[in-house]
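Subject: Handover of the structure and notes on its sites

Dear colleague,

I am passing the structure on to you with this message, and my notes on it follow below. Please read them alongside the sequence and the coordinates.

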Amino acid sequence: MSYLTIDKISLSFGNVNVLKNLSLSIEKGELVTLLGPSGCGKSSLLRTIAGLTAANKGNINIDERTITHLPPKDRQVGMVFQSYALFPNMTVYENVAFGLKMLKMSKELIQEKVTAILQLVGIQEKENAYPHELSGGQQQRAALARSVVVEPKILLLDEPLSALDAQIRKNLQTQLRLIQQKLGITMIFVTHDQEEAMAISDRIYLMNNGEIAQVGTPEELYTKPNSEFTARFIGNYNVLTRAQIDCIFNSKHEFTGETFAIRPEAFNAEPSKACFSINGKVQDITILGNIVRYELKVGGVSIMVEQLHHSNKRIMYNEEKTLFIEREDVISFQ
Amino acid sequence: MSYLTIDKISLSFGNVNVLKNLSLSIEKGELVTLLGPSGCGKSSLLRTIAGLTAANKGNINIDERTITHLPPKDRQVGMVFQSYALFPNMTVYENVAFGLKMLKMSKELIQEKVTAILQLVGIQEKENAYPHELSGGQQQRAALARSVVVEPKILLLDEPLSALDAQIRKNLQTQLRLIQQKLGITMIFVTHDQEEAMAISDRIYLMNNGEIAQVGTPEELYTKPNSEFTARFIGNYNVLTRAQIDCIFNSKHEFTGETFAIRPEAFNAEPSKACFSINGKVQDITILGNIVRYELKVGGVSIMVEQLHHSNKRIMYNEEKTLFIEREDVISFQ
Amino acid sequence: MKPKMNKFALFTLLPFFLLIAMFLVVPVVTMISASLSGENGSGWTLGNYIEIFINPFYYQSFKNSAIISFTSSLIGVIIATFVAYSFTKFHSAFQEKLLLFVNMTSNFAGVPLAFAFIILLGNSGVFTLLFQQFGIDLFQHFDLYSWAGLTMIYVYFQLPLAVLLLFPIYKGIDEKWKEASFLLGASTFTFWRKIGFPYILPAITGTLSILFANAMGAYGTAYALVGSKINLLPIRIGALVSGDIYARPELGSALAVTLALLMMTAMLVNEWLLRKVRRDMK
Amino acid sequence: MKKKVWQHRVTVTIFMMYLALPLIATFLYSIATSWTKTVLPDGYTFKWYAELYGDPRFVEAMTRTFLLTVGSMIVIILVMVPTVFVITVYLPKLERLLKIIVLMPYAIPGVVAAVGLIRAYAGGTIPMIIVVSGAFFVAVLPFMYQGVRNSLQSVDSVRLMEAAELLGASRTKAFTRVILPNIKSGIIVSSILAFSILFGEFVLTNLLVGGSFETIQIYLFRRMNESGHLSSSVVISYFIVLVILCWCIIRISSKKKQNKRRKSDELLNH
Amino acid sequence: ACGQSETNTEETKAVAENLSLEEITQKAKEEGEVASVAMPDSWANWGETWKELESEYSLKHKDTDMSSAEELSKFESEGKNATADIGDVGINFGPLAKDKGLTLPYKTSYWDDVPEWAKDDEGHWVLGYTGTIAFLTDKNNVKNPPKTWDDILNGDYKVAIGDVTKGTQSQFAVLAAAMSKGGDEKNIESGLEYFAQIAKQGRLSSIDSSIANLEKGEVDVAVVWDFNGLNYRDQIDKNRFEVTIPEDTSVVSGYTTVINKNAKHPHAAMLAREYILSDEGQINLARGYARPIRDNVKLPADVQEKVLPKDQYKNAKPVEDFKAWDETAKQIPQLWQEKVLIHVK
Ligand SMILES: Nc1ncnc2c1ncn2[C@@H]1O[C@H](COP(=O)(O)OP(=O)(O)OP(=O)(O)O)[C@@H](O)[C@H]1O
Ligand SMILES: Nc1ncnc2c1ncn2[C@@H]1O[C@H](COP(=O)(O)OP(=O)(O)OP(=O)(O)O)[C@@H](O)[C@H]1O
Ligand SMILES: NCCCCNCCCN
Ligand SMILES: [Mg+2]
Ligand SMILES: [Mg+2]
């Protein structure tokens, strides 16, 4: 049996069903990401696991033990709240030291650990500041430090990096991964950022509307979406109807199915053996940094195409362009 | 003179200088992004512009009028708070309608406008919910709707999309841009997400430590960073010392300068006319979605390389690979 | 922003300060000037204050009043802290009813209250007799007409006040803080000790100040129960300014002024201590 | 997390019983024929109430007291709430001064205050009844202050004001639309507290307007000398009136919201 | 303005001295009302008095109840803006009011019937009725009602004398006890000693001898003014309580009317005093259990029933030296604390 299993959990607020018979299981030491649109129930699921919200139905087991009715503090579960929930009457240092004090650690050890973790998240110079004196990102880092420092068996992170810039964020992703692997912490990480989800997780649970839409490794989810929802949500795929596919390939194809998905970066400038070609005109160009996104009009159908940002290979506005796509890069759904 | 000018503003909390003699100017109808590391003073700057925090020194002018001492409500400035600041005693509908009521709009018109904006941000079915009954992202969207619906002359947005997933986010970026252009609103948009900054803004003010580090169009900032800080922050550049450059190119180059920056996506699999080559071994692979990030070890130096995610062109772990780089893609600083 | 702000603030505060000047400052000035005049209101003297300081009778009344006030306020605030919290656990419609009832009792004081306690615990009180029937002489353990009885009755009128004043502050505690502390291994008790309590502390000490002052000035209830058996300040002042015996309003005023100064000092000390504990407040 | 509600039930029950016992005792005494050396009264009667309600002065006194206190309370609320708000939010430096001012009323014996006020205002242009209202204002200062402040502390009033003002609300609007609804329950609680304190005020009213304006307390003191049963029935009647009044205050002030809720429910159903 | 008011008062004074009763009555009727302080309907049957004044002279009336000290404060602080015309104060407040210049003198038609000790030579104050310290015993609690101070000392019940630090009644109780042990208004040591002994026995009750407390049976024996005792007795249960004047010694004191110098209705106030000292007025007071100051008023039989027989009063003495008593009274609160309450457990 898995380390953490959630068995047919249902949760509703009034007559709104927020979690619908949801199950998942996570191995010890795994880092799993919950990904899903805003309001799909990610925070609610974490709160249920932590024991902060009682499910209407279903069971939660940790390490073969049913904990459905255990109070939060006996679950050995840590959590970073989406809204931080820093203690307003304590400095950053005191906030972070709080959990360690609860473990009755010695003053010296606490000092050492707190200093180290504050250093890690980069707010050591704010250790004597109170939460209301911190910027948004600093608050978030304090909240992260507070839950990581106690090294819980299971750590639930509700969008723990959402207020941070790419630099700190990437750094913290790496650090979290390291800590997690070193200590064998089982982590559930909520994020709305698919790039983050892909970069950090062993597996991704993609949620939609209180249910699990798809589970798998990042690559599986990315390359083998099993539904239009996954394709749109994870890959920013071009989702096309049969008619649209007919149109862009001039009906010269042998695909079956009703709905099709093509990743925007799957289009190549150069042809290969088994490929189709499309011919379109550039309608819009957005530079996203390392990526340039083109909107191509292919016979009345709008297609998103993403290319690396190479200064010497830019396609121009209104330019006509032929691109190629591998056959296996066209995914079809029923 | 520009529509909004900020002239040598300084702000400090106690003995911490948060804004240091900072100036900026924005044209009417422009969308400017403030980008910068967590804690650099972005929120503080917005609060100063809105009149919520009084600067210690300096002036703020809107439309040729000095407003440094005007109270917030007379500035015709709207703001989305990083912490949302929704009114807890009002439903989503009432929150959004508040500003319109202040304008003494008719009930019908209010109804119409509120419904439309809630539809736009995708929380129309939550209109009768109270803030504490919303998910994080729903709260953020309510806060956004509340400030946009009154169509202020100047709209300050403090990380208004940070809690939203890529789908909604991209959609809202587009919508915001449309509204902004239609109504000629001048917007200052704070974000920690450089991709967002690049996608949405006319110009970016990159802040560091209470000062402006660089200003320019997204492309300028991305392709012509004038400092190591910009290079690291915006482009996720590989920043290399002279010794490292010597090492990776086997000293076969003619660059002058002490520090160099190379974008990770600038490396090509195929050579071109004026290019250098590097040869390294793949140490780590991260799939970020449309992008795959490789860590290449080139003679003792770690180089980040980003390639489009093409299933048939993946480099393998431990594979030796030769890549090429255009001469102009190596930027040097003094 | 500053100058505009002040104008607005002043405008709002104008009626308040006007009322204060007319109805608080005027009596205070009368009181101070009376306290500085000789018997029958003649001349200027510090004699009244000197008398207060050299006469142990008055000193004792200060001490007794302070003891009973402090004890009863403290007991009141402690109990009320729990009770007000328990209130928040009920449905809001029921809370309303509870508060209404508490409010009613907060006003139950003076002679009627003392009499009600006599009915319950007096020589032939309900409980006295009940206990007697079980062979227990209540008065061996408890005398209504003593410090114990007095404390009980003070607590009775302090409690509702404390509950009413403390009730709203619990709304400011974010449930998330509690949750976060539980997940970090804190018990409910620890949460309250380390976070909840420090957070509401300013309101609690503020309430304590009010209760203390309320008890220092309380008069009717104590008087109806123990008369002058326990030497209390308000009874002293009352005797000096409004008795049926020879009055010495000047001395009474001096006592009252001293009382005011004492309360101010207590408040400032309280404030200072609070700032030591809650360093996040500026 | 639904846990141990019984603890709170027990706490509240014990507390309520402690508060209720003296009242119950008083009530029993008010319907007792006589009650001296027994656990329960010898017999029961409503004659004391009959005697009381037969007296037109009782009803008159109630009416007067009601008018005086309600009138004063309106002014008190209108002045105190904005004052405490402005000081806690915009001028925290003045807070210490306010705290001191607020304690003063306790240190001034009623008679002394009365003497000062009579000296200043007797025979002047301000009618004495207004002076009584002013004195009332001072008397309930501590409760109004502490009550309003405690509830202001419980909402992030500064942030909410900012948000409202940026949406174009004037300070007054922002205050009435956003802050006020959030601190309303606190204001109501302290107002009914203040209201009942004033309802029970005796010394000042008696000395300032006395015989020409007999309030319920003056009436009570007068009749207290006739019989303990009678005065108990005055006390009970007085509490009943008080509860009814406070109940009305609460009802009236929370009615608006109910209507609003209903309206939004209707919208939802369509 | 100041000078004018001086002359005004002088004028009133002069007028008061020279006017005939008819003229006063006439002017009083013109004034049409009288405002009293501390003369409520229930005290000493003032209610009847006001009713008579209204029916006979159409004087409207209102009263504000308060303590003696408060009455003088009110007179003094209101100054010319007086709202009170006449008040009823404890005997020692009479001279005080005169010294403070708060009073308007008026001698009534029966001036000479009032004993010397009970009136001011110039007519600034005059007692309307007296009270004598008496024992009020709840026979439910005490089978053998005490008749002398020694009976109480040797009893086994609790004794309530009220608040000695504040009430006149209680202070006179101490004085009466002192007198029974050889003390007087200059020396009350023996009285304090007497109560100290009771306190040591644990029999000194702190409770107020109010009607409610008596009714509830909380008081065994109370030391009170005779008029209060009789009133309480009849109000609660005539057969349950017994009122006795201590046989060995007791003390007499009384209440005096004072007319406000700045009275808005000075003639009505004079007329009220006139009526109070008249036969009818005195009988009214007796109906309210107060002992009329005029010895020569013939009380109707039903009224005689209500008061105690004259002979019980033979050992009751008035205070002779007010000044000395004032001085002593000032010391009492503290002495009581130090000498008596210290023994209360
Ligand atoms: N009230 C305050 N007292 C003291 N320091 C403060 C206060 N408010 C902000 N600061 C400090 O000022 C700096 C700038 O804060 P600000 O909120 O403007 O940052 P920011 O750029 O918005 O950061 P983030 O991206 O994390 O939200 C931070 O270092 C913060 O700690
Ligand atoms: N207390 C509540 N009462 C009613 N509905 C609630 C409550 N809490 C949450 N909801 C609803 O439950 C749904 C799930 O909320 P949840 O917070 O779990 O979403 P989420 O996936 O975390 O979203 P986000 O990414 O925006 O934070 C939302 O539609 C929300 O409106
Ligand atoms: N409170 C009832 C007794 C008041 C009687 N006052 C008259 C005498 C004192 N001046
Ligand atoms: Mg969430
Ligand atoms: Mg910020």
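I begin with ligand 2, where a backbone N or O atom of B:Glu133 lies 3.0 Å from an oxygen atom of the ligand. Please keep in mind throughout that this is a predicted model. Two side chains of chain A also make polar contacts with ligand 2: an N or O atom in the side chain of A:Ser38 is 2.7 Å from an oxygen atom of the ligand, and a polar side-chain atom of A:Gln82 lies 2.9 Å from an oxygen atom of ligand 2. On its own ligand 2 has 640 Å² of accessible area, of which the protein covers 88%. Two or more residues of the shell come from each of two elements, namely α1 (42-50) of chain A and α4 (136-148) of chain B. In total 19 residues surround ligand 2, and the closest of them are A:Ser43, A:Ser44, B:Ser135, B:Gly137 and B:Gln138. Because the surrounding residues come from chains A and B, the site is shared between chains. Sorted by class, this shell holds four nonpolar, eleven polar and four charged residues.

Ligand 1 also lies between chains A and B. Here 19 residues surround the ligand, with A:Ser135, A:Gly137, B:Lys42, B:Ser43 and B:Ser44 as the closest. The side-chain contacts that I noted come from chain B: an N or O atom in the side chain of B:Ser44 is 2.5 Å from an oxygen atom of ligand 1, the corresponding distance for the side chain of B:Ser38 is 2.7 Å, and a polar side-chain atom of B:Gln82 lies 2.9 Å from an oxygen atom of ligand 1. Taken alone, ligand 1 exposes 630 Å², and the protein buries 88% of that area. At least two residues of this shell are supplied by each of α4 (136-148) of chain A and α1 of chain B. By class, the shell around ligand 1 has four nonpolar, eleven polar and four charged residues.

B:Ser43 and B:Gln82 appear again at the magnesium ion. The protein donors of this ion, which is ligand 5, are the OG atom of B:Ser43 and the OE1 atom of B:Gln82, lying 1.9 to 2.2 Å from it. B:Ser43 belongs to helix α1 (residues 42-50) of chain B, whereas B:Gln82 sits in the loop between β6 (77-80) and α2 (92-102) of that chain, so the pair ties together parts that are 39 residues apart in sequence. With a relative accessible area of 23%, B:Gln82 is partly exposed, since buried means under 20%.

Which chains contribute residues to the surroundings of ligand 3? The residues come from chains C, D and E, so this site too is shared between chains. Ten residues are around ligand 3, and those that come nearest are E:Trp43, E:Asp65, E:Ser68, E:Glu71 and E:Asp88. Three of these residues make side-chain polar contacts with a nitrogen atom of the ligand: an N or O atom in the side chain of E:Glu71 is 2.9 Å away, a polar side-chain atom of E:Ser68 lies at 3.0 Å, and one of E:Asp65 lies at 3.3 Å. Ligand 3 on its own has 330 Å² of accessible area, and the protein covers 81% of it. The elements that give two or more residues to this shell are α4 (68-78) and β3 (86-90) of chain E. By class, the shell divides into four nonpolar, two polar and four charged residues.

Two further notes lie outside the ligand sites. In chain D, helix α8 (residues 157-166) is mostly covered, with eight of its ten residues buried; among them are D:Leu160, D:Met161, D:Leu166 and also the two glutamates D:Glu162 and D:Glu165. Just after this helix, D:Gly168 takes a positive phi of about 95°.

For chain A, an unreviewed UniProt entry carries the annotation "domain: ABC transporter" for residues 4-234. Over that range the chain is 37% helix and 26% strand, and the end C-alpha atoms are 25 Å apart.

With best regards

How values were computed:
Residues numbered from 1 in each chain as written. Chains lettered and ligands numbered in written order. Predicted model: local features only at pLDDT ≥ 70, side-chain atom pairs only at ≥ 80, totals over all residues. Heavy atoms only, no water. Near = heavy atom within 4 Å. Polar contact = N/O pair within 3.5 Å; in protein donor to acceptor, adjacent residues only side chain to side chain. Areas by Shrake-Rupley, 256 points an atom, 1.4 Å probe, with all protein chains shown as cover. Helix = DSSP H or I, 4+ residues; strand = E, 2+ residues; numbered from the N terminus. Nonpolar A, V, L, I, M, F, W, Y, C, P; charged D, E, K, R; others polar. Donors = N, O, S within 2.8 Å, 3.2 Å for Na, K, Ca; no water. Buried < 20%, exposed > 50% of the residue type's maximum accessible area, 1.4 Å probe, protein only. UniProt positions renumbered as here; feature names shortened; annotations may be inferred.
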